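Me: I should like to learn how to read the strands of a sheet and the relation between two copies of a chain. Could you guide me through one example?

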2 protein chains.
Amino acid sequence: MRRTSALILIGNEILSGRTKDENIQFLALRLGELGIPLREIRVIPDIRETIINTVTEMRAKYDEVFTTGGIGPTHDDITAPCVAEAFGVPWEFHPPTFKLLETYFGPEEFNAARQRMAKLPQGATPIVNPVSLAPGFSIGNVHVMAGVPRIMRGMFDSLAPSLQKGAPVFSRTWHTTSLFEGTLADGLEDIQNRFPDLDIGSYPFHREDGRRGVALVAKGQNRAEVEEAASAIHDLIKTKGGIPIEGEPPV
Amino acid sequence: MRRTSALILIGNEILSGRTKDENIQFLALRLGELGIPLREIRVIPDIRETIINTVTEMRAKYDEVFTTGGIGPTHDDITAPCVAEAFGVPWEFHPPTFKLLETYFGPEEFNAARQRMAKLPQGATPIVNPVSLAPGFSIGNVHVMAGVPRIMRGMFDSLAPSLQKGAPVFSRTWHTTSLFEGTLADGLEDIQNRFPDLDIGSYPFHREDGRRGVALVAKGQNRAEVEEAASAIHDLIKTKGGIPIEGEPPV
């Protein structure tokens, strides 16, 4: 069964360049392994209407939607109330989470700002945060996680076992440093036409140290077809006078 | 004057996790310096309708739109014809580019696949590619660049002088490792309310080596207000018993 997912990164720090994203590749790989590959990613600012509209659009379009960012205690952390609004439910104290955080911080430190982290959309299920306790949450097909990479990864590990898996995707790669895309393009298109259910990808690389070449990837849910296409890719590189090397080029 | 931009990353390699993005932060920082800050980023697969619809939506919404990826010689490189379609113009040979590439490759090597790279949407202006010659292009407010980071950066350097600049954004940061967001949140909201035209951001960090804390950022187009807000942030950290440290926390 084919399942799809989308990712929404919420907050200004990626858009301004202040922060380099460290979440996309982790989630892309993990969701691929679970058979729920990412089909779209959006990075949006923490503006109320933008968050509500994006969540509403994406949750209708994809099987699962993941968000990161905007669930801390400060005034710019507005993801949770916006998701509640997108689902048309109140954003209210979640008693078990309130108790958990109250015990952790102690009554003195558990101020109004921190109490916000104990509020969830009505009907949401907390996502356990093994790093800093304040949870994410799932509501319907939307899964709301922290933006700090260490915390996001902890939350995703908590969440993953409960996600419904899709059919796994198989992938085989050959690369060469002795030919370029333009020489291989026609033959590669023939291979794509022979295997219309696979994704046949061509990824040129050009390293800072001057190493250049192209990686050719066959990917799909039918393992036998992937193997067959990969062997056609190998033969194509040889036919064109190049040296095929198995796997991805070293970074 | 406020100007805005958006970025569209086209291709399956970021979505599958095969490739780690190396373009977002570069473009976010450079566009911020030019006063054309990024307001939205989308990562989309190389599917015709998706590219056409996304370009159409984004170019109506933002002053400038930048795309990366999908302009090579292979069958999955469909960005250029899709952008032509979004503008309702033909995708046709651009004689000076055809000559440039024909001379470079020589008649033997300049095959049908490579000739595709000499086609531009009618009326587009090439963006010089100082790395591997095959150009990107601008049409209207849409700027189409390669996805390979080294080539993208070269193209952006060619393009940047012709972009209309906006008002520069000023930014000042204080961080602390002795307090957390929850203690600072209320005071920070007061500062945001005092300076409604600024973005007051709170960015917790949590390093692999255990260093934790929070960075507080004041950002906006009025330099005097940014300085005033930054000094209020400094005082807030001190008042709460923390040690304010100027600038971003070391990575």
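Me: In which sense do strand 7 and strand 8 of chain A run, and how many bridges join them?

Reply: In general, the strands of a sheet pair through backbone hydrogen bonds, in either a parallel or an antiparallel sense. In this predicted model, strand 7 (residues 133-139) and strand 8 of chain A run antiparallel and are joined by 3 bridges. Within this pairing, A:F137 stands opposite A:V144. The two strands form a hairpin with 2 residues between them, and A:G140 in the turn has a positive phi of about 55°.

Me: With which sense does strand 3 of chain A pair with strand 8 of chain A?

Reply: Strand 3 (residues 64-68) pairs with strand 8 of chain A in the parallel sense, over 4 bridges. Here A:V144 is the bridge partner of A:T67.

Me: Are the residues on the two faces of strand 8 of chain A buried or exposed?

Reply: A residue is called buried when its relative accessible area is under 20%. In strand 8 (residues 142-145) of chain A, both faces are covered. A:V142 and A:V144 are buried on one side, and A:H143 and A:M145 are buried on the other.

Me: What is the order of the strands in the sheet?

Reply: The sheet is open, has 12 strands with mixed pairing, and follows the order 6(A)-7(A)-8(A)-3(A)-1(A)-2(A)-2(B)-1(B)-3(B)-8(B)-7(B)-6(B). Its edge strands are strand 6 (125-129) of chain A and strand 6 (125-129) of chain B, each of which pairs on one side only. From one strand to the next, the twist averages 20°.

Me: How many bridges join strand 2 of chain A to strand 2 of chain B?

Reply: Strand 2 (residues 38-44) of chain A and strand 2 (residues 38-44) of chain B run antiparallel and are joined by 3 bridges. One of the residues to look for is A:I41, whose bridge partner in strand 2 of chain B is B:V43.

Me: By what turn and shift can chain B be laid on chain A?

Reply: Two copies of a chain are related by a rotation about an axis and a shift along it. Here a turn of 180° and a shift of 0.0 Å along the axis lay chain B on chain A with an RMSD of 0.0 Å. The two copies are therefore related as by a two-fold rotation axis. Of the residues of chain B, B:R42 comes closest to that axis, with its C-alpha at 2.3 Å.

Me: Why may one say that the copies meet through the same surface?

Reply: One may say so because 100% of the interface residues of chain B are also interface residues in chain A.

Terms used:
Residues numbered from 1 in each chain as written. Chains lettered and ligands numbered in written order. Predicted model: local features only at pLDDT ≥ 70, side-chain atom pairs only at ≥ 80, totals over all residues. Heavy atoms only, no water. Least-squares fit on C-alpha atoms with pLDDT ≥ 70 in both. Contact = heavy atoms within 4.5 Å. Buried < 20%, exposed > 50% of the residue type's maximum accessible area, 1.4 Å probe, protein only. Pairing = 2+ DSSP bridges. Axes fitted to C-alpha atoms, helices over the stretch in contact; angles between N-to-C directions.
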